[in-house]
Amino acid sequence: MSSYSRARIPEFYVAHFDLEDTSGSLGLLKTAGPSGLPILLDTFVRLTKSPVVSIAKIRGRVRGVGSEFVLACDMRFASREKVILAQVEVGAGVHPGGGGTERLPLLLGRGRALEIVLGANDFDGETAERYGYVNRALPDTELDSFVEMLARRIASFDRRPIAAAKNLINQVSLPPVDRLLDGLNSFTTALTWPESQRRFQALSNRGLGQPGEMENRFGELLGTLLES
């Protein structure tokens with residue numbers, strides 16, 4: 001993920017893959033984690049298959065691999081006023097590689113998944129809720145209390161039925177691991193395409209990875225990225 005996400009800027013939940021230092025980020029794509037999968041997929045697959053329930057409480061911008069992280073969580077709840085979600089990779093010259101192309105169609109259907117991935121634009125909380133990108137988009141003042149109440153309610157139940165129910169739902173709702181690997185391998189190849197390099201440079205020239213207009217308006221500006 002980008003160095004920008006590590007700056008803990010309040011307007012950002014999790015930022016995108018670091019396109020300015022792809023060589024340094026390749027460890028996430030090639031080094032194996034405990035499951036034997038590349039670390040990125042290892043993290044997401046183990047999170048999804050864990051008997052523990054994962055709930056993403058989203059307040060801020062979450063794009064690219066950040067979006068793929070919340071898609072790997074069991075549930076997603078967002079601040080209606082303060083959330084932006086996007087899979088921006090196609091507009092940046094590549095395509096999602098951390099499960100976005102595999103998880104979104106299962107959640108939203110083919111047409112909406114294509115709109116999100118190929119359009120590479122930002123989605124607000126209201127639209128994300130309507131599409132099924134998040135479970136609910138709540139008023140920002142209600143988000144914390146709602147998620148805490150739900151988490152405490154689930155935690156009050158016995159662990160074995162929770163784990164068993166989650167496992168059964170996983171069996172009919174998760175993409176196969178081999179498809180996730182295909183997507184990641186294709187993404188790694190896409191990083192080397194000449195047209196991708198051209199877009200990466202244009203993004204860098206616009207201020208990629210730095211606080212300011214490029215990151216704030218990422219989805220919108222991708223449509224004019226190569227205009228002089």
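Does Ala120 count as buried or exposed, and at what relative accessibility? The views below come from a predicted model, and the first of them takes up this residue.

**View 1. Ala120 sits in the loop between helix H7 (110–119) and strand E4 (123–124).** Ala120 counts as buried, because its relative accessibility is 2% and the cut-off for buried is under 20%. Have a look at the backbone here too: phi of Ala120 is near 50°, a positive value in a residue other than glycine.

**View 2. Helix H4 is largely enclosed by the rest of the structure, since seven of its eight residues are buried.** The buried residues of H4 are Val65, Gly66, Ser67, Glu68, Val70, Leu71 and Ala72. Their packing partners are strand E1 (12–14), H3, strand E2 (55–63), strand E3 (75–86), helix H5 (89–92) and H6. Two of these partners, H3 and H6, get their own views next.

**View 3. Helices H3 and H4 pack with their axes 8 Å apart, at an angle of about 25°.** That angle makes H3 roughly parallel to H4. On the H3 side you will find Leu40, Phe44, Leu47 and Thr48, which meet Val65, Glu68, Phe69 and Ala72 of H4. The residues of this contact divide into six nonpolar, one polar and one charged.

**View 4. Helix H4 (residues 65–72) crosses helix H6 (residues 100–108) at roughly 50°, and their axes come within 10 Å.** H4 is therefore oblique to H6, and the crossing is left-handed. Here Glu68, Leu71 and Ala72 of H4 meet Gly100, Arg103, Leu104 and Leu107 of H6. Sorted by character, the residues of this contact are four nonpolar, one polar and two charged.

**View 5. The largest nonpolar core holds 29 residues.** Those touching the most other members are Phe17, Leu19, Leu29, Leu191, Leu203, Phe218 and Leu222. Two or more residues each come from helix H3 (39–49), H4, helix H11 (177–190), helix H12 (194–206) and helix H14 (218–222). A second, separate core has 20 residues, including Leu85, Leu108, Ile116 and Tyr131.

**View 6. Leu29 is shown with its contacts, leaving aside neighbours within four places in sequence.** Which residues does Leu29 contact? They are Phe17, Pro38, Leu40, Leu184, Phe187, Thr188 and Leu191. Among them, Phe17 and Leu191 also appear with Leu29 in the list of core residues that touch the most other members. Leu40 may look familiar as well, as one of the H3 residues that meet H4.

Key:
Residues are numbered from 1 along each chain as its sequence is written. This is a predicted model: local features need pLDDT of at least 70, side-chain atom pairs count only at pLDDT 80 or more; totals for chains, interfaces and linings use all residues. Side-chain values use heavy atoms; hydrogens and water are left out. Axes are lines fitted to C-alpha atoms, for helices over the stretch in contact, and angles run from 0 to 180 degrees between N-to-C directions. Helices (H or I, at least four residues) and strands (E, at least two) are DSSP runs, numbered from the N terminus. Angles under 35 degrees count as roughly parallel, over 145 as roughly antiparallel, 65 to 115 as roughly perpendicular and the rest as oblique. A crossing is left-handed if the near helix is turned anticlockwise from the far one by less than a right angle, and right-handed if clockwise. Contact means heavy atoms within 4.5 Å. Ala, Val, Leu, Ile, Met, Phe, Trp, Tyr, Cys and Pro count as nonpolar, Asp, Glu, Lys and Arg as charged, and the others, Gly among them, as polar. Buried means under 20% relative accessible area, exposed over 50%, partly exposed in between (1.4 Å probe, protein chains only). A nonpolar core is a set of buried Ala, Val, Leu, Ile, Met, Phe, Trp, Tyr and Cys residues joined through side-chain atoms within 4.5 Å.
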